[in-house]
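New to this one? Take a moment with the sequence and the picture, and then we'll walk through them together.

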Amino acid sequence: MRLTSEDIFSLNEISLRKDGQRAKHLLRAYSRNISVATTDETLKNDIKSFEDTFDKETFTKYMNALKNLYVVEELNAWNPYFRSKTIVRTKATRHYVDPSIATESLGLSSSGLLKDMMTFGLLFESLAVRDIRVYVVPLGCLRN
């Protein structure tokens, strides 16, 4: 995948040591948490199962690189009523700009995806969020 071998390291404003495996681990962890409200700590812990060298600063640099390349985007927490005491979501929900990146990162084929309906549902949700954003962002209903 060109994203993990070249693109993520091509940004001048974010200096990263060229380590494609580290980038793959981050994309895989992000993919396992697609359409889910998780913390950065959850992603870092997921990555630690592969490697122990992903410190906070490095993690932040990689996440900023993915955001600057428009690979990932988060759906901010929301509250349905301004006067409500209860906030429905408190953490941002993780999404790729194109959910097919998650299928590639997880090594899923179409037949494999049909065997895991939970993952299929989360990817479908992310796809729906992407499509809805295409329409509502130009209308000013959602900040980009």
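What follows is a short tour, from the overall layout down to single residues.

## The big picture

First things first: this is a predicted model. The protein chain has 144 residues, and 35% of them are buried. Its secondary structure adds up to seven helices and two strands. If you read along the sequence, they come in the order α-α-α-α-β-β-α-α-α.

How do distant parts of the chain meet up? Take the contacts between residues at least 6 apart in sequence: 61% of these join residues at least 24 apart. As for the outside, the accessible surface is about 9,100 Å², with 54% of that belonging to carbon and sulfur atoms.

## The nonpolar core

In soluble globular proteins, nonpolar side chains tend to be buried together. Here the largest nonpolar core has 27 residues, and the members touching the most others are I8, L26, Y62, L66 and Y96. Two or more residues come from each of α2, α3, α4 (56–68) and α5.

Y62 is a good place to look around. Setting aside its neighbours within four places in sequence, Y62 is in contact with I8, F9, L16, R17, D19, R22, A23, L26 and F54. Two of those names, I8 and L26, are also on the list of residues that touch the most other core members.

## Helix α4, with its two sides

Y62 sits in α4, where T58, F59, Y62, M63, A65 and L66 are buried. Seen down the axis of α4, the buried residues fall within an arc of 155°, so they line one face of the helix. Over on the other side, K56 and E57 are exposed.

What covers that buried set? The cover includes α2, α3, β1 and β2. As for its length, α4 has 13 residues and spans 18 Å from its first C-alpha to its last, close to the 18 Å expected at 1.5 Å a residue.

## Helix α7, with a bend

Now for α7, which runs over residues 117–139. It has 23 residues and reaches 33 Å from first C-alpha to last, close to the 33 Å expected at 1.5 Å a residue. Still, α7 bends by about 35° at R133. R133 is also one of the buried residues of α7, alongside T119, L123, S126 and V129.

The cover over these buried residues includes β1 (72–75), β2 (93–96), α5 (100–106) and α6 (110–114). Right after the helix comes G140, with a positive phi near 80°.

## The loop between α2 and α3

Which residues in this loop are buried? I34 is one of them, with a relative accessible area of 2%, and I34 lies in the loop between α2 and α3. Leaving out neighbours within four places in sequence, I34 is in contact with R94, H95, Y96, P99, A102, L122, L123 and S126. Among these, L123 and S126 are buried residues of α7. I34 and L122 are 88 residues apart along the chain, yet their C-alpha atoms are separated by 6.5 Å.

T38 is found in the loop too, between α2 (20–32) and α3 (40–48). T38 is buried, at 10% relative accessible area. Apart from its neighbours within four places in sequence, T38 is in contact with N33, L43, K91, A92 and R94. R94 also turns up among the contacts of I34.

## Two residues with positive phi

Most residues other than glycine have a negative phi. S35 has a positive one, near 65°, and Y70 has one near 60°.

Are these two buried or exposed? S35, in the loop between α2 and α3, is buried with a relative accessible area of 6%. Y70, in the loop between α4 and β1, counts as exposed because its relative accessibility is 66%, and the cut-off for exposed is over 50%.

## One last stop: N76

N76 is in the loop between β1 and β2. At 47% relative accessibility, N76 counts as partly exposed. N76 and A37 are 39 residues apart in sequence, and in space they are 9.3 Å apart, C-alpha to C-alpha.

Note on methods:
Residues numbered from 1 in each chain as written. Predicted model: local features only at pLDDT ≥ 70, side-chain atom pairs only at ≥ 80, totals over all residues. Heavy atoms only, no water. Helix = DSSP H or I, 4+ residues; strand = E, 2+ residues; numbered from the N terminus. Expected span 1.5 Å × (residues − 1). Bend = angle between axes of the 7 residues up to and from the residue. Buried < 20%, exposed > 50% of the residue type's maximum accessible area, 1.4 Å probe, protein only. Contact = heavy atoms within 4.5 Å. Core = buried A, V, L, I, M, F, W, Y, C linked by side-chain atoms within 4.5 Å. Areas by Shrake-Rupley, 256 points an atom, 1.4 Å probe, with all protein chains shown as cover. Arc of directions from axis to C-beta.
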